[in-house]
Structure formats: structure tokens, C-alpha cells
Amino acid sequence: DMVDSVAAAGTADEVLDKLKAFHDAGARHFVFSPATAGADPTPIVDRLLGDVVPALRAYASSGSATKEV
């Protein structure tokens, strides 16, 4: 599915796993646009910035991330 190849959706852990895969594939810049179907996006943004982004930063700076060649 085309969306799955360019987007991350799901639980915080699922989004983090997808972002790690994008990072390992070479992505270094991400654009976040929460799809909330008209609901308040604040809880999603808070979770993204409070949990997912810090975990991705830690992953990217650790030895776990695929190193660029």
C-alpha cells in the first residue's frame, strides 16, 4: 500500500517502529501531520512530542541505528 510506504500510523510504539525504519532507510527529516478526523489533535501531538520524538532521537544517536555510509 502506497500510504504505508510514506506514512506512520498506529500506537506510539507502532509509529516509533515505522520512524526507526524510515531513519534506517536514510530519512533525517520528518513532517508530522496528525490525522484526527476533526477531533482535537492536542493529545496526539503531546504523545508524539513527549514520547515518540525523544525515543526516535535516542535511537538515532545510539549504536542501534543503522550507520550512514
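**Contacts.** I began with the contacts in this predicted model. I took those with a separation of 6 or more, and residues 24 or more positions apart account for 47% of them.

**Fold.** Next I looked up the secondary structure. I found three helices and zero strands in the protein. Read from the N terminus, the order of elements is α-α-α.

**Extent.** I took the box along the principal axes. The C-alpha atoms fill roughly 40 × 30 × 20 Å.

**Burial and surface.** I checked how much of the chain is buried. The protein has 69 residues, and buried ones make up 19% of them. I then looked up the exposed area, which is about 5,000 Å². Carbon and sulfur atoms supply 57% of that area.

**Charges.** I counted 6 positive and 10 negative charges in the protein. I compared their mean positions and noted 8 Å between the two.

**Arg47.** I picked one residue to follow up. Where does Arg47 sit? I located Arg47 in helix H3, which covers residues 42-61.

Is Arg47 buried or exposed? Neither label fits: its relative accessible area is 47%, so I entered Arg47 as partly exposed. The cut-offs behind that entry are under 20% for buried and over 50% for exposed.

Which residues does Arg47 touch? I set aside the neighbours within four places in sequence, and Arg47 is then in contact with Ala12 and Val52. I looked at the Ala12 pair again. Arg47 and Ala12 lie 35 residues apart in sequence. From C-alpha to C-alpha, I noted 7.4 Å between Arg47 and Ala12.

How values were computed: Residues numbered from 1 in each chain as written. Predicted model: local features only at pLDDT ≥ 70, side-chain atom pairs only at ≥ 80, totals over all residues. Heavy atoms only, no water. Helix = DSSP H or I, 4+ residues; strand = E, 2+ residues; numbered from the N terminus. Buried < 20%, exposed > 50% of the residue type's maximum accessible area, 1.4 Å probe, protein only. Contact = heavy atoms within 4.5 Å. Areas by Shrake-Rupley, 256 points an atom, 1.4 Å probe, with all protein chains shown as cover. Lys, Arg positive; Asp, Glu negative; His and termini not counted. Charge placed at Lys NZ, Arg CZ, Asp CG, Glu CD.
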